[in-house]
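Trainee: I'm new to this one. Can we go through it together, with the reasons behind the labels?

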Amino acid sequence: MTATAAQPGPADDGARDRYIVCGDDTLTMYVVDALVEDGAQVTLILVNGPSQLDPDDVAARPVQVRRVKRLDEAVFRSAGMEAATGVALLYADDLTNITAALEAQAVRPEARFVLRMFNQRLATQIRPLFGSCTVLSDAALAAPTFVAAALGEVAPTHFRYAGHTMYIARRDHVPPDHIVCGLIDTRDPAAVQLLPADDRDTDVVLAHLRPVERNWSPPVGWRMRWRPRGVPRAARAAALLVTRPTGVALVAILLATVVLGWLLARTLPQMSVWQVFYLTFQTTVTGGNLDPTGSTAPQVMQLLLTVAGVALIPALGAFLYTVRQYLAQPAWRDHVVIAGLGSLGTQVMRYLHDLGVEAVGIDKRADAPGVHSARRAGIPVIVGDASTEATLTAARVETCRTLVVLGRDDMANLQAALTGRELAPEARVVLRVSDLRAERARRAFNFAVSHSVSAPAAAAFATALLNREILAAIPIGYRELLVAEVSVAAGAPLVGQPATEVDRAGAVRLAGVALSDGQLLDPVASRQRQLTVEDRLLVVARGSALTNLVRRASAAAQESAPPVS
């Protein structure tokens, strides 16, 4: 990119919150779009140099764009930092974001700061340097989506509210009286519906555990269901007879020996069964004592048995070596193979480990951060190229439950996924690719899930910048539902309205009403309630719809509020 003058943006409006966003990848544009959709005024600062952003795509946004050489105090002043409500630093480098945040703080200390950081230990030390600061990791935010895809279930989302533990689950995994409300209809993978008009027309629901029912344990959809693993070593070795070339060759030679022995017995009817077996074994192993004066047929059989014996000894030796090598390998079964132990792969690996799911990691670099984390946790790691058959075989991909490919290179990821598909046709394949290629790759190659990191994480960054109290986020493919609490203020349009007035098909679903004393009404009572001041609404909503609901629950709500999208 070349340095250009600031792009004309929307006219200044003193009533609109102003935000400054700094970044150079798709996460940046997702956050910008969320802020614009919320009605905020946005200034996007781009540092000259290599960037993942398309200039035409940037120019199409209704935001002010400033292209600069570096992020310093003068740049933030010229971008209107003195009047900014908040600033988001979204570069992939932790040090760049920290340095830029300190420069911006020098201009406006009271602004709200949202930083993108991978090193969470460093993040805890950075927060105290700012008055209002949220530090997030896009890898940590996106990891539950990939974990859910790897285990073939919805995201393992749970949270606490008004003394209740709420969680997301399949409808058939939850007792009917524990269901709070329906959320998603995933029965048609090609047309997933979020918050459909009919609450009953959903297979993914929000449920809660009742405190009095302490002896009941809910069936969790993403829990691993292991197959028996106590397979005797002898049985595993015997299986190699039909699964390895050396085993097949040994079986073929033995069958040929048996057939030749049977034919030899037919040519020598005067011999007993034991005598035929003895002659066959001796001829095969030692070459035997051939009789030049005998008849032709027995001589031919004995010659062929001698040839079979010459091939049998090396075949048996090769098979025994294969058995020894195979039994020396770990007996991994039903595990998850994670190819790529970068920031995202490390987070996914930690989630699976915490859930008790057996995992095996793969990375090209022996010094990758995820490799050290895996070894500290006792998780096996294969150092090698995940796109090669040898590396995937070493990770026992042929017996795995899921192959999760999380490298940064789209083409390398695709090659690894296709190689894994050849070795394990029945395994699930979860692929990380760029935003534009994700859906195409999923449809073209029939992978279980194929998406990027930016989409599931963007809503959390935008929400933190807007200072919204979000209880949980539910990532669904490229979209996300937010679980939030909204308080009804005096003079708000919702006062005196039935609670069901909150619902908007495809946008907002009322999950419950909490009274001023902290009591959470049950689902039926919540929907029958007439809303009063200080009622607190537990809702599940899309981002833009949540913004509209907050306005309707506020005393400052305006009649001209934008419609729900």
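Trainee: Which residue in β21 stands opposite Val483?

Mentor: That's Val540. Keep in mind that this is a predicted model.

Trainee: What makes β19 and β21 a pair?

Mentor: Pairing takes at least two bridges between the strands. Six bridges join β19 (residues 479-487) to β21 (residues 536-541), so they count as paired. The two strands run antiparallel.

Trainee: Why are β18 and β20 called edge strands?

Mentor: Look at the open sheet of four strands, in the order β18-β19-β21-β20, with antiparallel pairing. β18 (470-476) and β20 (508-514) each pair on one side only. From one strand to the next, the twist averages 15°.

Trainee: Which helix lies across β18, β19, β20 and β21?

Mentor: Helix α18 (residues 543-552), and it runs at about 15° to β19.

Trainee: Now the helices. Why are α11 and α12 called roughly parallel?

Mentor: Helix α11 (residues 343-354) and helix α12 (residues 369-376) pack at an angle of about 15°. Angles under 35 degrees count as roughly parallel, so the label fits α11 and α12. Their axes are 9 Å apart, and α11 passes α12 in a right-handed crossing.

Trainee: Which residues meet where α11 and α12 touch?

Mentor: On the α11 side, Thr346, Met349 and Arg350; on the α12 side, Pro369, Gly370, Ser373 and Ala374. By class, that contact has three nonpolar, three polar and one charged residues.

Trainee: Why does Gly370 go with the polar ones?

Mentor: Because the classes used here put Gly among the polar residues.

Terms used:
Residues are numbered from 1 along each chain as its sequence is written. This is a predicted model: local features need pLDDT of at least 70, side-chain atom pairs count only at pLDDT 80 or more; totals for chains, interfaces and linings use all residues. Side-chain values use heavy atoms; hydrogens and water are left out. Axes are lines fitted to C-alpha atoms, for helices over the stretch in contact, and angles run from 0 to 180 degrees between N-to-C directions. Angles under 35 degrees count as roughly parallel, over 145 as roughly antiparallel, 65 to 115 as roughly perpendicular and the rest as oblique. A crossing is left-handed if the near helix is turned anticlockwise from the far one by less than a right angle, and right-handed if clockwise. Contact means heavy atoms within 4.5 Å.
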